[in-house]
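Hi,

Here is the structure I promised to pass on. Have a look at it first, and then read my notes underneath.

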Amino acid sequence: MSVQVAGLADAKAEGPLKLAVPRGALLEGTLDALDAAGVDTSAARGESRALIFPGAAMTLVTMRPSDVPTYVEAGAADVGITGKDVLLEQADRMVYELLDLGYGRCRMVLAGRKGDGRLGESQRRLGMIRIATKYPRVAERYFESTGRQVETIEVKGSVELAPLIGLADGIVDLVASGRTLDENDLEVREEIVECTARFVANRVAHKLRAAEIDELTARLREATAG
Amino acid sequence: MIHPIPPGTRDILPDEMRELRRLHRSMIEVFEGRGYDEVATPAIEYDEVLARGDGRTAESAYRFFDERGDLLALRSDMTVPIARLVASRYADADPPLRFCYLANAYRAVRPQRGQMREFAQAGVELIGAPAPAGTVEIIEVLEAALDAAGLDRAVIGLGDADLYRQLLTELEVEGEARKAVLERLAMHDLVGLEAELAKAGIEPGRVETCVALSQLRGGREVLEQARALGGEAVERATARLGETFQALEERGAAERVQVDLGLLRDLGYYSGAILEVYDPALGHVLGGGGRYDGLLKRFGVDLPAAGFALYLERIHVAQMEEESRRGGSV
């Protein structure tokens, strides 16, 4: 085998960038932002059930938002877009967070039943509150940082159910309009953090495909500014 | 019957072992060919001794007591044990000293492909050779090792560990705020970095400068771009990097080196030049290193030093990926 030093320029010639696109609530905003940044998203907008949409400059790969850090950390996708809530919950995933895209704005909150004193009462009489959430690590960090002890109960489905039938004293969840909370007789008690869509990159891709990633970052910044 | 082994450890069976052994041999051959003599140290050390080298011993995944009640730890790398070895056994030797190793180390990481809690490292330590000549030497050894492994597309990132420490001092960011900023930088969380700098009272223009600085990576031209952003700390770091890069160029060894002002390795003992190794076939860093001119002093011998370590399992994964790429599949 002949050993030939390829150098920086050749390292980049590795086909189009793979971009992880979140399905669900962030999809619409993500495709709009990509369009505005000059990335062709027409294939991904159709009714197609395909997961991968190859393009000349970029391949779009659609997935659950919570899978984006996994794919990007491993380098299976070079760059990706997902919510800050996902990044906070998976803080141990080593991905570079390059840009706040501004859309998909929602709040991570602590909520309890309207007019119900369970949260305070458990805290006072039992020294510990029970919190149902899809974000156990965010919840634990928050309560730890505010000096309270908490039992987090991880649930996968509608988290609003938990305090209504006595599984938990309250919930930590993501709220956009607050309508779901309201309809389920819940109210926001504390605001934990505001979350928006973020542009992330794989650590190695960020080094070896610097020019492409910098350019896409600049175009996304321009497209989502203001 | 299946008997479990601890998470993050694994058995290596003959097919893999044969390939790994070939890789091991080629690494040691390169190192010895350049005057680095192989040493071995115990896998277990006194926790106190390891902590002397790296205050942040949180990465030692395994700590336990021996029969006398002394606290022991499994080493998390070989740099600290070799610093101990040099201070204990070579205190009066004439520098520079050149050692290489092939050893298992242990860290509390989330196990995944190429990243286990018990992992093999091959590397070198060059003790008593200051920058830039010492740095250039280890980069050349590293390049030879990558060539020997067949990773001809691998790239070496070259950064400066003191850049942000000095920059933050210049900006008078101290205490908790400083820690928060460095943490964001190490994670490359630019959104968080901007927020933390703003919180520390840095004016928007300079915040932008810091963020832009961390994004500069490429050839020699990024040194100029960095200098244009201004400041004493940047000036000093780019001068150090420029000197090293120039020496590499003169020796024809700069081809696969990427100057990276955003590089910040999280091991506490680095100072001056820092290195990271990437291959386009793998999304994970293959290895790293740099200078640790203050480390030996903590063990009582004041000598400049530099070195690197390659994660051998990851190199092996990259070899396989590169082979399948050359073979035309994927």
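Below is what I found, going from the chain contact to the sheet in chain A and then to the domains and helices of chain B. Keep in mind that this is a predicted model.

**Where the chains meet**

Chain A puts 27 residues into the contact between the two chains, and chain B puts in 26. On the chain B side, five elements supply at least two residues each: strand S7 (155–160), helix H7 (190–199), strand S8 (217–218), strand S9 (257–260) and strand S11 (282–291). Of these, S11(B) has the largest share, with 4 residues. If you sort the chain B side by residue class, you get 10 polar, 9 charged and 7 nonpolar residues.

**The sheet in chain A**

Chain A has an open, mixed sheet of 5 strands, and their order is S8-S7-S9-S6-S10. Why do S8 and S10 of chain A each have one side without a neighbour in the sheet? Strand S8 (150–154) and strand S10 (186–195) stand at the edges and have a single partner strand each, so there is nothing in the sheet on their other side. On average, neighbouring strands here are turned by 30° against each other, ignoring direction.

One pair to pull up is S7 (residues 129–133) with S9 (residues 170–175) in chain A, which run parallel and are joined over 3 bridges. Within that region, A:Thr133 sits opposite A:Val172 of S9(A).

Two helices of chain A pack on this sheet. Helix H6 (residues 118–126) of chain A touches strand S6 (106–113), S7, S9 and S10, and its direction is at about 135° to that of S7(A). Helix H7 (residues 136–145) of chain A touches S6, S7, S8, S9 and S10, with its direction at about 170° to that of S8(A).

**The two domains of chain B**

The domain assignment splits chain B into domain 1, made of 1–159 + 265–330, and domain 2, covering 162–255. Their C-alpha centres are 26 Å apart. Between them, 12 residues of domain 1 of chain B are in contact with 10 residues of domain 2 of chain B. Which helix gives the most to the domain 1 side of chain B? That is helix H4 (residues 133–148) of chain B, with 5 residues. The domain 1 side of this contact has 6 nonpolar, 3 polar and 3 charged residues.

**Two helix crossings in chain B**

H4(B) also turns up in a helix pair with H10(B): their axes come within 9 Å and cross at roughly 50°. At that angle the two helices are therefore oblique to each other, and H4(B) passes H10(B) in a right-handed crossing. B:Thr135, B:Val136 and B:Ile139 of H4(B) make the contact with B:Thr244, B:Ala247 and B:Leu248 of H10(B). That gives 4 nonpolar and 2 polar residues, with no charged ones.

The other pair is helix H9 (residues 221–229) and helix H10 (residues 232–250) of chain B, whose axes come within 9 Å and cross at roughly 165°. H9(B) and H10(B) are therefore roughly antiparallel, and the crossing is left-handed. From H9(B), the contact uses B:Leu223, B:Ala226, B:Arg227 and B:Leu229; from H10(B), it uses B:Val234, B:Glu235, B:Thr238, B:Leu241 and B:Gly242. By class, this contact has 5 nonpolar, 2 polar and 2 charged residues.

Cheers

Definitions and conventions. Residues numbered from 1 in each chain as written. Chains lettered and ligands numbered in written order. Predicted model: local features only at pLDDT ≥ 70, side-chain atom pairs only at ≥ 80, totals over all residues. Contact = placed C-beta atoms within 7 Å. Nonpolar A, V, L, I, M, F, W, Y, C, P; charged D, E, K, R; others polar. Pairing = 2+ DSSP bridges. Axes fitted to C-alpha atoms, helices over the stretch in contact; angles between N-to-C directions. Domains from an automatic or database assignment. Parallel < 35°, antiparallel > 145°, perpendicular 65-115°, else oblique. Left-handed = near helix turned anticlockwise from the far one by under 90°.
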